[in-house]
Amino acid sequence: MIEANAATSRQPRQAQSSGEPVAGLSSTEAAARLARFGPNALVETHKSLLGRIIGYFWGPIPWLIEAAAALSLALADWADFAVIFAMLVINAAVGFFEENKADNAIALLKQKLAPTARVLRDNRWQEVEARILVPGDIVRLEIGNIVPADLKLTGGAYLSADEAALTGESLPVDKKPGDTAYSGSIVKLGEMVGEVTATGMQTYFGRTAALVQAAAPKSHFQQAVMRIGNFLIISALALVALILAVSVLRQNPFWEAVQFALILTVAAIPVALPTVLSVTMAVGAERLARMKAIVSRLVSIEEMAGVDVLCSDKTGTLTMNQLTVETPRPADGVSRDELMLAAALACNLAGPDAIDQAVLSAAGGIAGLNDFVAGRFTPFDPVSKRTETAAAKDGVEWRFSKGAPQVILDLAGLGATEREGVEAEVVTLANQGFRALGAARANGTGGWQFLGLIPIFDPPRPDAAATIARAEAMGLSVKMITGDHEAIARQIAGQLGLGQNIYPAGQLLDGPVAEVTERVRAADGFARVLPEHKFKIVEVLQDSGSIVAMTGDGVNDAPALKEADAGIAVSGATDAARAAADLVLTDAGLSIITEAISEARRIFERMTSYATFRIAETIRVLLFMTVTILTYNFYPVTAIMIVLLAVLNDFPIMMIAYDHVAVAPKPVRWDMRRVITVATSLGVMGVIETFLLFWYVDSVAHLPRDVIQTLIFLKLLVSGHMTLYVTRNQSWFWRDPLPALRLFATTEATQVIGTLIAVYGVMVTPIGWPLALMVWAYCLVWLPIEGALAMAVRRAYATRQGEAGATSPVHA
């Protein structure tokens, strides 16, 4: 919001118009209307506590985990039951925390409503809680007040309200009798009386809050996790059911088969999938925090990686939200200092508003400013449209005035030719996005002299242009969104390197869906935007296939921040905007956004690496177990070996969160078909190489079956961990970026531990060093073959997708 000292400097009270009411509502009538219209507060919609709790335990992954827990309980396997139950509770706790997000946003919006109001009831002015205001109440507004409800102004000379946080308008808005003062805006100058026309959710402010609460986007990350889970669950259930059926038909011990199926199911399903991916994002969130960007919703990190459209609010985001004087245009024969001196003396020195602050800042250091003794000050009002100060210097009386150029021209009485020249300059400035002020002075009681024009504007942030250029280089389309006029938006866009295809939002969003979509995608920006427009713009872009990031700082931005795939609240944003956002910037500037996107793309690569590895390992173990059991009627590994595999796999995959990965040059998003294709190819190859080894040691070498089980256990462990090196790199596994030391050390350490378990027979039959080294050599031979297969599959898939998606409007 525009900072001004006017709020702390009370102006002389203005006389009320003769039409001011003298009684207001009676207490009885106010109570009746309160019962009819409800309190002047924002209404919240809540799910019941029971409904929310049930929701955490509902879905394919929770169902299978719950089934495994029930089976553990039936078999009195208390250890497995305790672990599975604890995991369900932890997931529910995380979900409960995330679900409070919308409620927090609403609560902070409520805090912005004025807590009290001065209202005329029972023929006297009294302070009441703002929540009990009703339509028809008469309310007095003074400097510094937050408007408590939507009011139709009925009495008083004028009022200037800061609506920047509501409409995005960077300048204070002048009000006169008959205008509406909006709930949540701040009175900067003047004093008026108004009649309440809307309260609570029916106000402009309330409709904004309703949009925030209505927005509940489903994350692409959550959808991807569900698809991974569904694939693994269906695969696990089908193969385990087949194993059980064959065991029963072969009259194997039933409960032994059930126990084995239980352990195999728990090991195969992605119980830890949400946890591992959340940890990966949490580590990334810590890195972003060190860069002064706070992540409030973990899954938004994944969304940032796929963002292809960045909708940026102009006021306070791309610009400084500080009015600034551009190069003054003095009249012929007038110096710049004379023009700025007169404009500075025409300011309210005791309580400058936003325009006064800009003029005084530009006039700082001008010689002679302190030589004048300021006298009576006449503030700006919508009728006169100018300010005036009486001042004296060396006993000589002077008058200084600034205001609308047309008014100052009338005051000075310029000739037709001179006036036409000045008016043409005003039009030129307006087309360039500048608002012009005129300034004049008069000596004593003499006539007024026109001194020139002062252009003012809200300048861009110093790093905004560079940030936009880098964002576009990273494959993002940047669109400006502002409540200002399109001329101002185009002028700022030109300075920032954005295109000039900027039009009023209402005009672009009106029409058939197909036409609206085409216009919105083609636009470089949107002007005269309302909160409903921002929300609609985000929806249109999302419906056309884009992943959208929205930046903002005001209450008016909160609905779109909530609806966007990645909402970004910039430094200095209102509490409501921060609560609705996914990423909150705590340092000035926008360059952190591109850094956050780069970090998000790294995190995305880590999560893709894990998902590919997890699916490949599930296929490798389950399919190999199934084929071996069906072919040889023999469990190739024991139940304890499956548990050891699951435990030893957990350590390196948790280190994926710290791995070195390349940053994708363009937006990336979950392509589950690609992930499953690559993972299935690696998984099937793993089955082939493992089955070949099993066939050799069983049918050719004729090793004892218990030794074979240990040998296969070691093979699954070593080759599985080596597969991690294949899935983490899109190129050959030995090329940059090389694995992080933490990942490499952990992976090799667990392989060594597994080798020692197999060699010396810890809970398994020992196999000795010769067989163990043979397994290592066998796995190393297959490693480059797996790498070549992964690269070939990725290349073939990319070629096919490139042909199929050549006309796609967004990067996938």
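How many bridges join strand S5 (residues 159–162) to S6, and in which sense do the two strands run? Three bridges join them, and the strands run antiparallel; within S6, Lys175 is the residue that stands opposite Leu159. The model described here is predicted, and what follows moves from this small sheet to the wider chain, then to the main sheet and its helices.

The pair belongs to an open sheet of three strands, ordered S6-S5-S8 and paired in the antiparallel sense. Strand S6 (173–175) and strand S8 (186–190) stand at the edges, and because each has a single partner strand, one side of each is left without a neighbour in the sheet. On average, neighbouring strands of this sheet are turned by 30° against each other, direction ignored.

**The chain as a whole**

The protein chain has 29 helices and 24 strands, and buried residues make up 54% of its 812 residues. Among the contacts between residues at least 6 apart in sequence, 73% join residues that are at least 24 apart. The count of disulfides comes to zero. Two cysteines may be noted in this connection: Cys311 is buried with a relative accessible area of 0%, and Cys779 is buried as well, with a relative accessible area of 2%.

**The eight-stranded sheet**

A second open sheet is formed by eight strands in the order S10-S24-S23-S22-S11-S19-S21-S20, and its pairing is mixed. Its edge strands are strand S10 (293–295) and strand S20 (502–504), each of which pairs on one side only. Neighbouring strands of this sheet are turned by 20° against each other on average, direction ignored. Inside the sheet, strand S19 (residues 477–481) pairs with strand S21 (residues 525–527) in the parallel sense over two bridges, and Met480 has Gly525 of S21 as its bridge partner.

Two helices can be described against this sheet. Helix H18 (residues 486–496) packs on the sheet by touching S19, S20 and S21, and its direction makes about 160° with that of S20. Helix H24 packs on the sheet too, where it touches S10, strand S11 (309–313), strand S22 (548–552), strand S23 (566–569) and strand S24 (583–585), with its direction at about 145° to that of S24.

H24 (residues 591–632) also packs with helix H17 (residues 464–473), at an angle of about 25° and with the two axes 8 Å apart. Because angles under 35 degrees count as roughly parallel, H17 and H24 are roughly parallel to each other. On the H17 side the contact is made by Thr467, Arg470 and Ala471, and on the H24 side by Ser591, Thr594, Glu595 and Ser598. These residues divide into one nonpolar, four polar and two charged.

**Strand S15 and its partners**

Strand S15 (residues 386–393) is mostly covered, since six of its eight residues are buried. The strand has two antiparallel pairings, which the table sets side by side.

| Strands paired | Bridges | Opposed residues |
|---|---|---|
| S14 (residues 373–378) and S15 | four bridges | Thr378 and Glu388 |
| S15 and S16 (residues 396–403) | eight bridges | Arg386 and Gly403 |

The hairpin of S15 and S16 has two residues between the strands, and there Asp394 takes a positive phi near 55°.

**Helices H13 and H12**

Is helix H13 (residues 336–345) largely enclosed or left open by the rest of the structure? Seven of the 10 residues of H13 are buried, so the helix is largely enclosed. The buried residues of H13 are Leu339, Met340, Leu341, Ala342, Ala343, Ala344 and Leu345.

Helix H12 (residues 314–318) contains Gly316, which counts as buried because its relative accessibility is 4% and the cut-off for buried is under 20%. When residues up to four places away in sequence are not counted, Gly316 touches Asn321, Asp458, Arg461, Asp553 and Val570. With one of these, Asp553, the separation is 237 residues in sequence, while the C-alpha to C-alpha separation in space is 6.7 Å.

Note on methods: Residues numbered from 1 in each chain as written. Predicted model: local features only at pLDDT ≥ 70, side-chain atom pairs only at ≥ 80, totals over all residues. Heavy atoms only, no water. Axes fitted to C-alpha atoms, helices over the stretch in contact; angles between N-to-C directions. Parallel < 35°, antiparallel > 145°, perpendicular 65-115°, else oblique. Contact = heavy atoms within 4.5 Å. Nonpolar A, V, L, I, M, F, W, Y, C, P; charged D, E, K, R; others polar. Disulfide = S-S within 2.5 Å. Buried < 20%, exposed > 50% of the residue type's maximum accessible area, 1.4 Å probe, protein only. Pairing = 2+ DSSP bridges.
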